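Subject: Structure handover

Hello,

Here is the structure I promised to pass on. Please open it beside this email and follow along.

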Amino acid sequence: MKDTGLLISMLEDGTQFDVLQGNLYGYKGAIFENLIADFFAKMGRKLYYYHKDSGLEIDFVIRWRGECVLVEVKAETGNAKSAATILKHPEKYHVNQCIKLGNYNVGRSGRILTLPLYMGFLLYEV
């Protein structure tokens, strides 16, 4: 959805009140992913998602700084297993970097750049 408020309004009755109280429960990941989709859509980006029958999935695939880059959105600090798998095989996937957005400070670990969720709007095409 291009509007996170509409997404939340479509959830089960009572969920809207829970969200206003700060209780996101199992919807946290979906809400955070939708926020980033909203950032990207408002920036004029097309939204690309990658899924493979093996279970490999990436939240967003973008072109950033002239390269194909994976973007993973994490509601909780965690591993991006699918991204790590893809990064291990650059000859197969032709991807060399991943950006994880979530409850992080700005940092880098190898080919994974971590950014706070609110900085997603800064990933415009350069």
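Below is what I found, grouped by topic. Please keep in mind that this is a predicted model.

**Salt bridges**

The structure holds 2 salt bridges. Opposite charges on side chains can pair up when the charged atoms come close.

Start with K42 and D38. Their closest N and O atoms are 3.2 Å apart. Both residues belong to helix α3, which covers residues 28-42. They sit 4 residues apart there, so about one helical turn separates them. Their surroundings are not alike: K42 is exposed, with a relative accessible area of 66%, while D38 is buried at 11%. D38 counts as buried because its 11% falls under the 20% cut-off.

The other bridge joins E72 and K74. Here the closest N and O atoms are 3.8 Å apart. That distance counts as a salt bridge because the limit is 4 Å. Both E72 and K74 are buried. For K74, the relative accessibility is 17%.

Where does K74 lie? K74 is in the loop between β4 (67-73) and α4 (81-87). Setting aside neighbours within four places in sequence, K74 contacts F32, N79, A80, L101, G102, N103 and Y104.

**Aromatic pairs**

The structure holds 3 aromatic pairs. I describe two of them here.

F39 and F121 form an edge-to-face pair. Their ring centres are 6.4 Å apart, and the planes make an angle of 80°. This pair links distant parts of the chain. F39 is in helix α3, F121 is in the segment after β7 (112-116), and these positions lie 82 residues apart in numbering. Both rings have some access to the surface: F39 is partly exposed at 26% relative accessible area, and F121 is partly exposed at 44%.

F40 and F60 also form an edge-to-face pair. The centres are 5.3 Å apart, with 80° between the planes. Again the pair links distant parts of the chain, with F40 in helix α3 and F60 in strand β3 (residues 60-64). These two residues are 20 apart along the chain. Are they buried or exposed? F40 is buried, with a relative accessible area of 1%. F60 is buried too, at 7%.

F40 has a charged partner as well. R45 lies over the face of F40, at 5.6 Å from the ring centre.

**Helix α1**

Two residues of helix α1 deserve a look.

L7 is in helix α1, which covers residues 4-9. Which residues does L7 touch? Not counting residues up to four places away in sequence, L7 touches M1, A30, I31 and N34. Take I31 from that list: L7 and I31 are 24 residues apart along the chain, yet their C-alpha atoms are separated by 7.9 Å.

L6 is also in helix α1. L6 is partly exposed, with a relative accessible area of 45%. Together with M1 and M10, L6 forms a nonpolar patch on the surface. The patch has about 320 Å² of accessible area in total.

**Where to look**

When you open the model, go to helix α3 and find D38 and K42. Then find F39 and F40 in that helix. After that, move to K74 in its loop, and finish with the patch of M1, L6 and M10.

Best wishes

Conventions
Residues are numbered from 1 along each chain as its sequence is written. This is a predicted model: local features need pLDDT of at least 70, side-chain atom pairs count only at pLDDT 80 or more; totals for chains, interfaces and linings use all residues. Side-chain values use heavy atoms; hydrogens and water are left out. A salt bridge is a side-chain nitrogen of Lys or Arg within 4 Å of a carboxyl oxygen of Asp or Glu. Buried means under 20% relative accessible area, exposed over 50%, partly exposed in between (1.4 Å probe, protein chains only). Contact means heavy atoms within 4.5 Å. Rings of Phe, Tyr and Trp (its six-membered ring) pair if their centres lie within 6.5 Å; planes under 30 degrees apart count as stacked, over 60 as edge-to-face and the rest as tilted. A charge sits over a ring if NZ of Lys or CZ of Arg is within 6 Å of the ring centre and within 35 degrees of the ring normal. Patches are made of residues with over 30% relative accessible area and no salt bridge: like charges are joined within 9 Å, nonpolar side chains (Val, Leu, Ile, Met, Phe, Trp, Tyr) within 5 Å. Accessible areas come from the Shrake-Rupley method with a 1.4 Å probe; for residues, only the protein chains shown count as cover.
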